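Got your viewer open? Load the model and keep the selection tool handy for three quick stops.

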Amino acid sequence: MYVARIPRLFKLKSVAPILAASAMLLPTQLHAQEIDYQHGISLLHELKYPKDFEHFEYADPDAPKGGKIVLSTTWPIVNFNGARRPELPNAVGLGRTIDRLMIRSADELSGLYGQLVDGVALSSDKRTLHMRLHEQARWHDGVPLTTADVQFTYDELMATVHGKVYFESWIDSLEILGPKKFAVHHRTTFTNANLVALTWFPVRPAHYWQNRDPRKATLIPPVASGPYRISGFDRAYVHYQRVDDYWGRDIPVNRGRYNFDEIRYEVYRDQSVAREAFRKGLFDIMFESDIRHWVASYNVPEEQANFLLQDTREVRKFIGAERALALNSRRPQLQDVRVREALTLAFDFEWQNRVIRHGTQSRALSYFANSQFASSDLPSGLELAILEQYRDQLPARVFTEVFELPVSTGYGTNRDAIARARQLLAEAGWVLKEGRLQNADGELFMLEFLTQDQSMQRVLLPYADTLKLLGIEGSIRLVDNVTAINLLRERNFDAYVREQLFLNPPIGELRNAFESSFAHVAMSGNMVGVQDAVVDELVKLAERATSLDEKTAAVRALDRVLLWGFFHIQINKADLERFVYWDKFGRPAGEASARLEYLVGSSVRVLDSWWVDESKALVVASVLN
C-alpha cells in the first residue's frame, strides 16, 4: 500500500504536516468492521509483486528438491535458543528453522510480503497495523501457530534490551483480535523503519517455552516452524534436514526455494585450513573476502580445474563503507574538525588499493555509498530545501563545495594532501617541533589504532608511516573480541577499524549510529560521539519520511552534514561478493535480480534458491575421488 507523493519545497522542520497529508492521501480506508487485508506492504513505493504472484523472480518454481550442500563457518555450535541478542551466539543457519511474520523481497527496495501472515492492512491514520496469520501455519510438532505465540513472543521480547531499543520506542500496544488476527498500535504513525523491524520479529512457540527460560542458551533444539529442522550437531558441525511436511512449502514467498534436503555447516576456526579443505572438496562453496586469496589460492589439479568456478555478485542489501576508521571525537586531540579532516586527507587510498587490494576497491565518499541515498554534487531541490532551514548552524561549504577527497597516483607520497593536512593542523593549534607534533601545552599528538582484524595491519602500518610526516606518532593495537568490546563500551580508544554499513534503505539504525542521545550509550553505533542538533533533526526526518523522494532527500542531507564533520575516515565501498564453488548446482535464471540479499548470512538467502544438479554432482564426485 503505497502513498503517491508530490515533491514539496516548503519548510520541513516540522514533520507533522507531512504525516497528516500522507494519511489524507492514503487510498485504502480501513474501518474496524471492514479490514482490507493485502498480501504485502510498502510505504516507499509500489509493490513489485501483485496479489496473485506465484513466486519471486529469483526463484525457480520447478527447481527439484533433494541433495545436500555443505558449507563452512568460523563460529562454534554453542546455542540453538533463537532469541535476539542471546548470551551465546546462535548456531549458524538457525534462521532456516524460523519463519517470520513478513519477509522483504530481495529485488525491490522496500517490498514486504507475508510469510507467517497472509494478510496485512494499515489503518487510514497509519497508527494501526492489522495482521492475519495463515490458517495452515503450524509448528514442527503439529501444534497450530496462533496469536498466543505472537503475544508470548512480544512479551518476552519487550523484556529484553533488544526489544526496548527496536520496538518499545514506537509500539504502543499489541492487541489480540482472535486466534489468527492481531493488531500492532503505534505511538504516532508507522514508518518504513517500523515495518522492516517487524521482519526481525521471530515468532516463538508459547507451548514449548512456557516452562523454559526463553533467553537461556541451550543445545536442545527447540520446536520451530520453518522449512528446516536440526537433525544432528556437535561443536564442530550442525546438520539441518528439510521438513517434508513443512506447512509453508507452497506459499508464494517460499515457492522454488529451500530445495536442499540437507544443509550441513562444518566449523573451521582457521581460514587457511578451510581453504585447503575446500580445495579437497570437503565443502561446496567458499566465500572469499581476502583479495590475496581470491587472486592466488584456488589453483587445483588440471583434471579438476573445469569444475571449480569463481564468480561474483553485485550486492545492494548493505550500503556505505565496508571498512572505516572511526575517530573518537571525545578524545582531546580529535575534538577539532580540522584535525579530523587532516587525518582523512593523509590517508592515501589509491596507494593501499594498488599495493594491497590489487586495484579492486572503490573509495567510499558517502556514508551511503552505492545507493541513491548518497549525496553528490551540490545540494538541490528537496535536499536543499531541507538544509536551508539549518544554514546558520552548518559550515558554509555544505552549500558551496562538493565533498571530495584527494586522489593520488598510488605511487610515492601525495605531497599536496600532506601539505593541506599540515596547514589544517597548524590552524587547530598543533605545531611541529623537532619532527614531533605538539599543542600549546607541549602535549604530543599520539594516535592509537584499535583493531581485531589482523589483515588490517597491512593497511594501517603504511598509514602510520605517512602520519610520521606530519609529526604524529601512530601505533596499532591488535586485540581479541572481549578486549575490544570492553574498550568500545568504555569509549576508551582513539581510532577503531569498523564496518560502516547500513541497510538499503537506511532505517532505524540511523538513530543508533548518529543521534546525540546514543553518544553516551555503551556499545551503541554512535562510537565516534556525534552530538549535533542538526544531525538529530535530519535523522528524525529521514525516519519519518513517507515517500521515497522524501527519504532520499533527507538521507542525502544527513550524509552531507556528516561527511563535512569528518567523523570517519571511510576506506572502501561495500565490495562485490566473491565466491568459489564446485560445479554441482543449478541456479535460477533470475538470480541476478536479487541484489538486495547476500548468498549467505541473511534471513532471505539467495543460496536457498539453488538446487543440486544430480548429473553435475556425479561428475564432480568422480573427479574429486
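Start by selecting Pro379, which sits in the loop between helix H10 (349–355) and helix H11 (381–388). This is a predicted model, so read what follows as computed from it. Is Pro379 buried or exposed? With a relative accessible area of 8%, under the 20% cut-off, Pro379 counts as buried. Now show what surrounds Pro379: leaving aside residues up to four places away in sequence, Pro379 touches Leu384, Leu387, Val398, Phe399 and Arg560. Add Arg556 to the selection too: Arg556 and Pro379 are 177 residues apart in sequence, yet their C-alphas are 8.5 Å apart in space.

Next, pick out helix H9 (residues 337–345) together with helix H13 (residues 415–427). Their axes lie 8 Å apart and the helices pack at an angle of about 165°, which means H9 runs roughly antiparallel to H13. The crossing of H9 and H13 is left-handed. To see who makes the contact, show side chains for Arg338, Val339, Glu341, Ala342 and Leu345 on H9, then for Ala417, Arg420, Ala421, Leu424, Leu425 and Glu427 on H13.

Last stop: helix H17, residues 533–544. Put a distance between the first and last C-alpha of this 12-residue helix and you get 17 Å, close to the 16 Å expected at 1.5 Å a residue. Then go to the N-terminal end of H17, where Asp532 acts as a cap, with a side-chain oxygen 2.8 Å from the backbone nitrogen of Val534. Which residues of H17 are buried? Colour Val534, Val535, Asp536, Leu538, Val539, Leu541, Ala542 and Glu543 to see them.

Methods
Residues numbered from 1 in each chain as written. Predicted model: local features only at pLDDT ≥ 70, side-chain atom pairs only at ≥ 80, totals over all residues. Heavy atoms only, no water. Helix = DSSP H or I, 4+ residues; strand = E, 2+ residues; numbered from the N terminus. Expected span 1.5 Å × (residues − 1). Buried < 20%, exposed > 50% of the residue type's maximum accessible area, 1.4 Å probe, protein only. Polar contact = N/O pair within 3.5 Å; in protein donor to acceptor, adjacent residues only side chain to side chain. Axes fitted to C-alpha atoms, helices over the stretch in contact; angles between N-to-C directions. Parallel < 35°, antiparallel > 145°, perpendicular 65-115°, else oblique. Left-handed = near helix turned anticlockwise from the far one by under 90°. Contact = heavy atoms within 4.5 Å.
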